[in-house]
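Trainee: I've got a model open and would like to go slowly over one part of it. Could you start with the overall picture and then take me in close?

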Amino acid sequence: MKKIFFLKTMALLLFAQWAVAQNDFRKAAPKPGPAPKIELGKAEQFTLKNGLKVIVVENHKLPRVSFQLFVDVPPSVEGDLTGTAELAGQLLNKGTTTRTKAQIDETVDFMGASLSTSETGVRGSCLSRYQDKLLEVMADVLLNPTFPVEEFDKSKKQAVSALAQAKDDPNAIAENVASAINFGKNHPYGEVVTEKTLEKITVEKCKEFYQTNFKPNISYLIITGDISIVDAKKIAPKYFGEWKQGEVKKGKFDTPQKPAATQIDFVDKAGAVQSVINVTYPIELKNGAEDAIKASVMNTILGSYFGSRLNQNLREKHAYTYGSRSVLSPDPVIGFFNANASVRNEVTDSAIVQFLAELNRIRSAEVPADELNMVKNVMTEAISPARWKTLPRWPVLHSTPPASTCLLTITLTT
């Protein structure tokens with residue numbers, strides 16, 4: 001009996017010591033691990049005789065390879081035919097001179113590959129052993145599209161249906177309003193597809209867009225994955241060497257002007273229970289500009305991660321919204337800044353006050369060193385290969401607000 005009592009007492013003492021140790025462990029911050037090592041693959045380049053630029057990044061960890069044929073189509077004003085480029089891009093893989101849409105889909109599915117097209121080209125990926133079969137289909141889609149009328153009619157009906165749904169999507173409406181006021185309706189970035197513009201688009205106009213813009217001398221073939229530079233130099237001319245080059249004229253349009261004064265654009269929706277707020281502004285910021293990285297760090301502090309100032313203010317402190325964020329988008333032509341949130345109607349004015357307060361603070365007050373270092377670490381972790389592999393392909397940023405929502409867009413002066 002004494003022995004059992006002794007064993008129980010010892011067990012209790014050991015448990016107490018373990019509990020104390022656990023408590024001490026939780027109070028002590030864990031030691032930081034080693035800094036992530038960022039290893040970007042070495043890119044090698046060469047150019048075909050027709051002007052097609054080829055960029056190859058080898059990565060032999062997995063037996064997969066991806067191909068992106070990017071056509072750098074210059075922006076142009078479509079006017080009454082807005083939506084032509086998008087429709088033309090969708091039709092590229094809907095039939096060629098040697099394959100029907102069903103045959104293209106069957107071939108791609110058999111390989112377990114992927115293939116998609118858009119107004120800026122063709123992309124696909126597959127197991128490396130199927131690369132020649134996939135490239136054969138990609139080249140056929142790129143060089144020999146037939147734009148079947150029945151597929152054109154189907155795509156057009158789908159586009160009309162998507163527009164009908166977008167009319168009840170507050171975020172889609174807000175995006176259209178922001179584009180129009182930032183860039184103007186006579187600028188490529190400010191044009192909005194409507195039922196009227198879709199109605200005027202014809203198959204011939206889609207073919208014209210393709211024939212005018214799809215040229216190798218303004219295009220890039222980007223190859224990444226389980227392939228060598230030696231093999232790339234063989235397959236690129238084999239499948240795309242016969243592509244005929246030609247002159248592609250740049251569109252003419254005015255550069256958007258900065259707003260002369262702060263303006264408010266309001267779209268009312270009956271029965272609205274939330275407000276979509278956009279604080280937006282056109283910016284002249286190109287990729288690779290001297291201050292592009294600094295601007296990116298600034299915007300991350302302001303609103304591009306969960307711990308940002310906007311999110312901490314509007315979500316955590318005031319509980320106005322599920323999430324608030326900002327975007328600073330550089331562009332070769334004209335970029336934009338946009339800070340947004342979906343808030344309850346009764347706090348719309350208060351939310352706007354906090355938006356403007358945070359914008360003024362980021363401009364006028366020096367960022368504390370600890371906050372700056374934290375954001376740098378966040379950005380470094382976000383782009384590390386280990387972190388990138390853990391992210392979902394399409395991360396969900398915040399919940400979608402109800403369809404019955406009013407919209408408020410504010411264009412700021414400098």
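Trainee: Among contacts in the protein between residues at least 6 apart in sequence, what percentage join residues at least 24 apart? After that, please take me to helix α8: which of its residues are buried, and what covers them?

Mentor: Before anything else, keep in mind that this is a predicted model. On your contact question, the answer is 79%, counting contacts between residues at least 6 apart in sequence. The protein has 14 helices and 11 strands, and buried residues account for 39% of its 414 residues.

Now to α8, which spans residues 203–213. Its buried residues are V203, C206, F209, Y210 and N213. Look down the helix axis and those residues fall within an arc of 125°, so they line one face of α8. Turn to the face pointing away from that buried side and you'll find E204 and Q211, both exposed.

What sits over the buried residues? The cover includes two kinds of element: a strand, β3 (64–71), and helices, among them α2 (84–91), α4 (131–143) and α5 (149–166). Let's take these neighbours in turn, since they lead into the rest of the fold.

Start with α2. Six of its eight residues are buried, so α2 is largely enclosed by the rest of the structure. The buried ones are T84, A85, L87, A88, G89 and L91. The cover over them includes α8 itself, along with β4, α5 and α7 (195–200). So α8 and α2 turn up in each other's cover: α2 is listed over the buried residues of α8, and α8 over those of α2.

Helix α5 appears in both of those lists too, over α8 and over α2. For a marker on α5, pick K157. Is K157 buried or exposed? It is exposed, at a relative accessible area of 63%. A handy landmark from there is L198: the two are 41 residues apart in sequence, yet their C-alpha atoms are 9.3 Å apart in space.

Next comes β3, the strand in the cover of α8. β3 belongs to an open sheet of six strands, ordered β1-β2-β6-β3-β5-β4, with mixed pairing. The edges are held by β1 and β4 (114–118), each with a single partner strand, so one side of each is left without a neighbour in the sheet. From one strand to the next, the twist averages 10°. β3 pairs with β5 (residues 121–127) in the antiparallel sense over seven bridges, and within that pairing Q68 has R123 as its bridge partner. Helix α4, another of the elements covering α8, lies across β3, β4 and β5, and runs at about 165° to β5.

Follow the sheet out to its β1 edge and you meet a hairpin. β1 (residues 43–47) and β2 (residues 53–58) are antiparallel and share five bridges, with E44 standing opposite V56 of β2. Five residues lie between the two strands, and G51 in the turn has a positive phi of about 100°.

For contrast, scroll further along the chain to β10 (residues 335–344). How many of its 10 residues are buried? Eight are, which leaves the strand mostly covered. β10 runs antiparallel to β8 (residues 274–283), joined by 10 bridges, and antiparallel to β9 (residues 321–329), joined by seven. A341 is a good residue to click on in β10: I277 stands opposite it, and so does S324. β9 and β10 also make a hairpin, with five residues between them.

One helix pair is worth a stop as well. α10 (residues 292–303) and α12 (residues 348–364) pack at an angle of about 145°, their axes 11 Å apart, and the crossing is right-handed. M298, I301 and L302 make the contact from the α10 side, and E358, L359 and I362 from the α12 side. By type, the contact residues split into five nonpolar, no polar and one charged.

Back to your helix, then. α8 has one face lined by its buried residues, E204 and Q211 exposed on the face turned away, and a cover drawn from β3, α2, α4 and α5, among others.

Key:
Residues numbered from 1 in each chain as written. Predicted model: local features only at pLDDT ≥ 70, side-chain atom pairs only at ≥ 80, totals over all residues. Heavy atoms only, no water. Buried < 20%, exposed > 50% of the residue type's maximum accessible area, 1.4 Å probe, protein only. Helix = DSSP H or I, 4+ residues; strand = E, 2+ residues; numbered from the N terminus. Arc of directions from axis to C-beta. Contact = heavy atoms within 4.5 Å. Pairing = 2+ DSSP bridges. Axes fitted to C-alpha atoms, helices over the stretch in contact; angles between N-to-C directions. Left-handed = near helix turned anticlockwise from the far one by under 90°. Nonpolar A, V, L, I, M, F, W, Y, C, P; charged D, E, K, R; others polar.
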